[in-house]
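Got your viewer open? Load the model, switch on the cartoon, and keep the selection box handy while we walk through a few stops.

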Amino acid sequence: ALDYVAGMNNGTHPNYGYTDWRLPNVNELKSLIDNSQFAPCLPSGHPFTNVQIFENGEYWSSTNLYQVVWTVGMGDGHMIPGFKVSDSLRVWPVRAGQCSAPGSSVICLPKTGQTTCYNTAGDVISCSNTGQDGEIQAGVAWPSPRFTDNGNGTVKDNLTGLVWTKNANLQDAGLTWQQALDYVAGMNNGTHPNYGYTDWRLPN
């Protein structure tokens, strides 16, 4: 897949008049997904053709770790690891992605956080000319520090502005989905600790 995209840029494969094609990172692939849709899980009325959905309907990203790569399935939007050497999956090249001026409907996706590159055996390699996420690092840079401990049982994510409970396992046991919704509602009505806020919700 990486070689195919490189071939688009050097003229071996059709390039539609551009020479800056690359394999999308996992955040970019996931940005295509409309979670209200199924098979494909793309926005209604999308203009794409030949979207593969089930039989090998996963698409390679450039985001990888050791011997696996994050892939996104266009049938239901799932994200799973694919094996670099043994899996034969789809390639959906991307280019551009510059952020727009304030007020535009075009959003700026955050970086994935990956800065390291790996070969097919899982060894760390130089990122130069690999086309991997660790080389490209497309997206908005994470702030430093990424998180702020508010000192009241909550943590602010300075990248998204979201506020999370510091304890990532409040209930200390598995819950059904409805029980999880009920638990959060209980935080807002005072049944459970709410750290001084009444606008808690399950994250999407």
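How many disulfides does a search of the whole structure find? Just one, where a disulfide is a pair of cysteine sulfur atoms within 2.5 Å. Before we visit, some ground rules: this is a predicted model, in which local features need pLDDT of at least 70 and side-chain atom pairs count only at pLDDT 80 or more, while totals for chains, interfaces and linings use all residues. Residues are numbered from 1 along each chain as its sequence is written, and side-chain values use heavy atoms, with hydrogens and water left out.

**Stop 1: the disulfide**

Select Cys-117 and Cys-127 and show them as sticks. Their sulfur atoms sit 2.1 Å apart. The torsion about the S-S bond is about 110°, so this disulfide is right-handed. The pair links distant parts of the chain, 10 residues apart: Cys-117 belongs to strand S4 (residues 117–118), and Cys-127 to the loop between strand S5 (124–125) and helix H3 (133–136). Helices (H or I, at least four residues) and strands (E, at least two) are DSSP runs, numbered from the N terminus.

Is Cys-117 buried or exposed? Cys-117 is buried, because its relative accessible area is 0%; buried means under 20%, exposed over 50%, partly exposed in between (1.4 Å probe, protein chains only). Cys-127 counts as buried too, at 17%. While you're picking cysteines, click Cys-41: it is buried at 0%.

**Stop 2: Asn-25**

Next, select Asn-25, in the loop between helix H1 (2–10) and helix H2 (26–30). Asn-25 counts as buried because its relative accessibility is 2%. Now show everything around it. Leaving out residues up to four places away in sequence, Asn-25 touches Ser-61, Ser-62, Thr-63, Thr-112, Asp-133 and Ala-138, with contact meaning heavy atoms within 4.5 Å. Then draw a distance from the Asn-25 side chain to the backbone nitrogen of Asn-27: you should get 3.0 Å.

**Stop 3: a three-stranded sheet**

Go back to cartoon and color S6, S7 and S8. They form an open, antiparallel sheet in the order S6-S7-S8; two strands pair if DSSP finds at least two bridges between them. Why is one side of S6 and of S8 left without a neighbour in the sheet? Strand S6 (147–149) and strand S8 (163–165) stand at the edges, and each has a single partner strand. The twist averages 30° from one strand to the next.

Finally, zoom in on strand S7 (residues 154–157), which three bridges join to S8. Pick Thr-154, and you'll find Thr-165 of S8 standing opposite.

Note on methods. A polar contact is a pair of N or O atoms within 3.5 Å; within protein, one must be able to donate a hydrogen and the other to accept it, and residues adjacent in sequence count only if both atoms are side-chain atoms. Axes are lines fitted to C-alpha atoms, for helices over the stretch in contact, and angles run from 0 to 180 degrees between N-to-C directions.
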